[in-house]
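Me: I'm new to reading protein models. Could you take me through one part of this one up close, in plain language?

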Amino acid sequence: MDVTSLPILLMSGLLLLLLFIGGYVANKFSIPDVIIFLLIGITLGLFVSGTELIEFAAEVGIVLMFFMLGMEFPIRQLKDMAIRIYKPGFLDLGLSFFVTVGILLLMKQPLPTALLLGGIVYATSSSITVKLLEKNKRMTTNDSNFLLGLLIFEDIVSPILVAIIASMYLSNAVSIGSLSIVLIKIIILLIGAIVLGRFVFKRLNKFIEKYISEDFFILFIVSVALSYAGLALFLGLSEVFGAFLAGIMLAETKKPSALQQTVRNLRDLLMPVFFINFGMTIQLTSGVSMWETLLVLVVWSIIAKIVVGYFGGKQYGLRPQPALRAGLSFTQRGEFSMIIAAFATTQIKTFSGIFILISAIIGVGLFQYAPKMAQKFTKQSSKQVETPKVP
C-alpha cells in the first residue's frame, strides 16, 4: 500500500492517533514509549512505505530534541560537569565504543561499519533511563546522580561522535586526512556557537523577556535551531550536532527553562514520529544477517555498561551495592543509537534495529531487578571476603 495516495491531512491524523494509542498503552503498562513506537514503526513498515512528510517531521523532531538538550548545558556548567564525571565517562567511552570497534574489527567487519556499530553500542538511552528512574522512584537514590552525570557525559559526547561517524561512514573512507577535516569543521562550528552565545545571545535577555510570551516568538527559537542544524549539514556534519550547539548558544541567556518550554510541545509532537520513521526503515522481510555478531554485541554491550557502572561508580564515590545497581540500570540503548543507525545501509539498519530493540527490552528488565540483584551479589561478595573468626 502506498500511503502517498491518501490525503496528507488524513494520513497525518491517523498517524498521530496511532502514536497516541501507543503512548497510552506504554503509560498504562509502564513500558518505555520508545519501545512501543519502534514496534509500531516496524509493523507499519511491513505494510506501508514512508513519505517525505514523515521523514521531514522526524528530522525536525530529532533536531528539536538535541536543541533542548543543548540548552541544559551552559558553557560553564559543561566545564564543571566534565571535572566531576570525566573518569567514569572516559571509561564508558573506552569500553562501549573503542573496545566494541576493536571487537568488530577482529570479527572482520570493515572499519566504517565497525565505527558505526560502535557508536550504536555506545550511548545509553537517556529517555528510557530517566523515565525508569522516575517511575521506580529512584531519582533520589545514591546512584541516581551518578547515572544522570554519565547520561549527560554521553549526551555531550554523542553529538560529536555522530558528526564524526556520519562523515566517515557516508564517505566510506576513514583516513587521518578526512578525520582531520571533520574535526576542523567541528571546531569551527563549536567556536561559532561559543562566540554567538557569549557575544550575541547573552545580550538578548531583555529582548527575550519582552517577547517570550508572544505567539510568534516560537518562530525565532525554532529558526535558530533549524538554521544551525542546517549549517552543520551544509558542512557535511550531522544536523543533531548543529542543533545541540544551537541549544548551547541559547543556554547563555538567563531564560533557558522558559525557552525550552516554548518548544517542548512541538518536540513532544514530532519526536515519536522519528521513532516510527526509524522502525519503518527496518526491513525484517529481508532477514537479519550476522547473527553471531549480533549475539556478541548484545552480550558485550551489557557487560561493558555493568563494568562502567560498578568501577566508574566506585571512582565517583559510590559503595559497591549502589555502584552495581547503577551498572545494571544502564544497559538500555535507544534514541542516540537510532540516530546513528539511520545513516546505515538497509542491511546494517535492520541489524542495528534488532540490536536496539533487544537491548532496550533486556535493559528495562535489568533495571527493574537491579536493586534486588545488586543487594544479593554484594552480600555474597562480602560473605566471601569475610575473615573467619579464630576460636
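What follows is my request about the salt bridges, and then one long answer.

Me: Which side chains meet in salt bridges here, and are those residues buried or exposed?

Reply: A quick word on the model before we zoom in. It's a predicted one, where local features need pLDDT of at least 70 and side-chain atom pairs count only at pLDDT 80 or more, while totals for chains, interfaces and linings use all residues. Residues are numbered from 1 along each chain as its sequence is written, and side-chain values use heavy atoms, with hydrogens and water left out.

Here's the setting. The protein chain has 16 helices and zero strands; these are DSSP runs numbered from the N terminus, with helices (H or I) needing at least four residues and strands (E) at least two. Of its 391 residues, 51% are buried, where buried means under 20% relative accessible area, exposed means over 50%, and partly exposed is in between (1.4 Å probe, protein chains only).

Now to your salt bridges. The rule asks for a side-chain nitrogen of Lys or Arg within 4 Å of a carboxyl oxygen of Asp or Glu, and the count comes to five.

Start with Arg-325 and Asp-143, whose side chains meet at 2.9 Å, N to O. Arg-325 sits in helix α14 (residues 320-328) and Asp-143 in the loop between α6 and α7 (144-171), so this pair ties together parts that are 182 residues apart in sequence. As for your second question, Arg-325 and Asp-143 are both buried.

Next come Arg-198 and Glu-252, with their closest N and O atoms 3.5 Å apart. This pair also links distant parts of the chain: Arg-198 belongs to helix α8 (residues 176-199), Glu-252 to the loop between α11 (239-251) and α12, and they are 54 residues apart. Arg-198 is partly exposed because its relative accessible area is 36%, whereas Glu-252, at 11%, is buried.

Then there's Arg-267 with Asp-268, where the closest N and O atoms are 2.7 Å apart. Asp-268 has a relative accessible area of 38%, so it counts as partly exposed. Finally, Asp-92, Glu-154 and Lys-305 are linked in a network of salt bridges.

While we're at α12, look at how it meets another helix. Two packed helices are described by the angle between their axes and the distance between the axes. The axes of α10 (residues 217-234) and α12 (residues 256-280) come within 10 Å and cross at roughly 85 degrees. That makes α10 roughly perpendicular to α12, a label for angles of 65 to 115 degrees. Axes here are lines fitted to C-alpha atoms, for helices over the stretch in contact, with angles running from 0 to 180 degrees between N-to-C directions. On the α10 side, the contact is made by Phe-217, Ile-218, Ile-221 and Val-222, and on the α12 side by Leu-259, Thr-262, Val-263 and Leu-266. Contact means heavy atoms within 4.5 Å.

Two other buried spots are worth finding. Gly-118 is in helix α5 and counts as buried because its relative accessibility is 0%. Leaving out residues up to four places away in sequence, Gly-118 touches Ser-96, Phe-97, Thr-100, Val-101 and Leu-104. Ser-125, in the loop between α5 (111-122) and α6 (126-135), is also buried, at 0% relative accessibility. For contrast, try Lys-108 in the loop between α4 (75-106) and α5: its relative accessible area is 75%, so Lys-108 is exposed.

Conventions:
Angles under 35 degrees count as roughly parallel, over 145 as roughly antiparallel, 65 to 115 as roughly perpendicular and the rest as oblique.
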